[in-house]
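Student: I'm new to this one. Please pick a single part, take a close look at it with me, and then show me what else is around.

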Amino acid sequence: MGKHIDNMKQATVFSIEEFSVYDGPGIRTTVFFKGCPMRCNWCHNPEGLLPKIQVVKSPNGCLRCGACEEVCQNKDECIACGKCISVCPRGLIRFSGVVYTVEELFLKLQKNAEYLKQCGGGVTFSGGECLLYADFLHDLISGLKDIGVHTAIQTSGYAEESQFMKVLSVVDYVMFDLKIMDREQAIRYTGRSNELILKNFEHLKESGVPFMVRTPLIPSVTDTKENLTAIAERIKDSGALGIELLPYNKMSGSKYTMAGIEYRPEFDEQAEVNADTDLFLRYGIKVKIM
């Protein structure tokens with residue numbers, strides 16, 4: 001991939017998961033980039049919110065021995081010095097985040113390239129928000145295309161239009177989130193207006209790149225009849241391959257403790273979600289619950 005390598009470009013990744021069957025066609029390797037411009041009230045990857053490398057601690061099995069506190073260099077705010085990692089007797093503390101150059105990540109992903117191609121799969125880039133690293137991603141995807149690997153992105157759609165278009169020009173498949181259609185509700189629950197997201201959705205429709213819409217089902221927030229109908233209206237006749245509905249993950253809160261963040265959902269976590277597949281079928285939209 002020599003013509004695509006620019007080792008001045010770097011990106012931070014917090015997880016690489018192999019043999020995924022939920023992140024695009026076939027069996028895939030999914031790369032989770034660290035950092036996200038949104039603050040969705042239900043985010044299930046809190047360790048992916050900040051772009052910097054962090055220290056995360058699992059609360060399960062902690063002896064409360066205080067060893068990590070004794071070596072901490074800054075008790076007011078973690079500086080990721082890592083001293084606590086080596087002294088934990090249960091090995092419950094680790095770094096979250098690895099910095100890669102384009103070449104380093106390409107070489108890592110290349111190892112399973114032939115297997116992924118044989119399975120009709122490929123590599124998916126997610127997050128956090130992978131479009132934060134649009135220049136890096138453009139070069140990496142271009143390199144993977146050179147060796148015949150199918151590529152996909154899972155995105156909130158919140159990115160500068162030029163950055164989105166840059167990645168869209170090389171990627172094979174897009175999973176695009178449409179969460180909340182009302183602007184004020186979007187600001188309240190995701191921390192951002194949906195204006196830029198909807199503009200990028202229009203670019204996606206016109207691009208000719210195959211795409212799937214994804215919607216998280218959050219009780220009384222995204223799963224209302226009004227919101228789901230507005231989403232169906234937006235994607236009908238758009239060329240979307242369909243919509244995938246993702247019911248709220250009730251285990252999300254436990255991951256916040258590891259990242260040292262307080263989890264404060266503004267909705268009833270225990271309420272049953274409204275997975276109204278018939279609504280989308282009435283619009284002629286293929287629908288699947290993930």
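Tutor: One term before we start: a residue is called exposed when its relative accessible area is over 50%, buried when that value is under 20%, and partly exposed in between. Keep in mind too that what you see is a predicted model.

Let's try the term out on E70, a residue of helix α1, which covers residues 67–71. E70 has a relative accessible area of 68%, so it counts as exposed. Its C-alpha atom is 8.4 Å from that of C84, a residue 14 positions away along the chain.

Now for our close look: the sheet. Nine strands make it up, and the sheet is open, with the order β5-β1-β2-β6-β7-β8-β9-β10-β11 and mixed pairing. At its edges sit β5 and β11 (287–289), each of them pairing on one side only. Going from one strand to the next, the twist averages 30 degrees. As a rule, the strands of a sheet pair through backbone hydrogen bonds, in either a parallel or an antiparallel way.

Start at the β5 edge. This strand spans residues 98–101 and holds V99. Its neighbor β1 (residues 10–20) runs antiparallel to it, and four bridges join the two. Find T12 and you'll see that it stands opposite V99. V99 has a relative accessibility of 36%, so it is partly exposed. Together with I53 and F95, V99 forms a nonpolar patch on the surface, and the three share about 220 Å² of accessible area.

Step across to the other side of β1 and you reach β2 (residues 28–33), again antiparallel, this time with five bridges. Here E17 faces T30 of β2. Further along, the sense changes: β7 (residues 150–155) and β8 (residues 173–177) are parallel partners over four bridges. A152 and Y173 are bridge partners in that pairing, with Y173 in β8.

A helix lies over this part of the sheet as well. That is α5, residues 134–146, which lies across β1, β2, β5, β6 (122–126) and β7. Relative to β6, α5 runs at about 175 degrees.

Away from the sheet, look at the charged side chains. The whole structure has 14 salt bridges. One of them joins E266 to R188, at 3.5 Å from N to O. This pair ties together distant parts of the chain, 78 residues apart: E266 is in the loop between α10 (252–258) and α11 (277–282), while R188 is in helix α7 (residues 183–190). E266, with a relative accessible area of 42%, is partly exposed, and so is R188 at 47%.

R234 and E202 make another salt bridge, also listed at 3.5 Å, N to O. Again the link spans distant parts of the chain, with R234 in helix α9 (residues 225–235) and E202 in helix α8 (residues 195–207), 32 residues apart. R234 is partly exposed at 29%, and E202 is partly exposed at 27%.

K236 and E233 also meet in a salt bridge, with 3.1 Å from N to O. K236 is partly exposed at 34% relative accessibility, and E233 is partly exposed at 39%. To finish, look for D23, R214 and E244, which are linked in a network of salt bridges.

Definitions and conventions:
Residues are numbered from 1 along each chain as its sequence is written. This is a predicted model: local features need pLDDT of at least 70, side-chain atom pairs count only at pLDDT 80 or more; totals for chains, interfaces and linings use all residues. Side-chain values use heavy atoms; hydrogens and water are left out. Patches are made of residues with over 30% relative accessible area and no salt bridge: like charges are joined within 9 Å, nonpolar side chains (Val, Leu, Ile, Met, Phe, Trp, Tyr) within 5 Å. Accessible areas come from the Shrake-Rupley method with a 1.4 Å probe; for residues, only the protein chains shown count as cover. A salt bridge is a side-chain nitrogen of Lys or Arg within 4 Å of a carboxyl oxygen of Asp or Glu. Buried means under 20% relative accessible area, exposed over 50%, partly exposed in between (1.4 Å probe, protein chains only). Two strands pair if DSSP finds at least two bridges between them. Axes are lines fitted to C-alpha atoms, for helices over the stretch in contact, and angles run from 0 to 180 degrees between N-to-C directions. Contact means heavy atoms within 4.5 Å.
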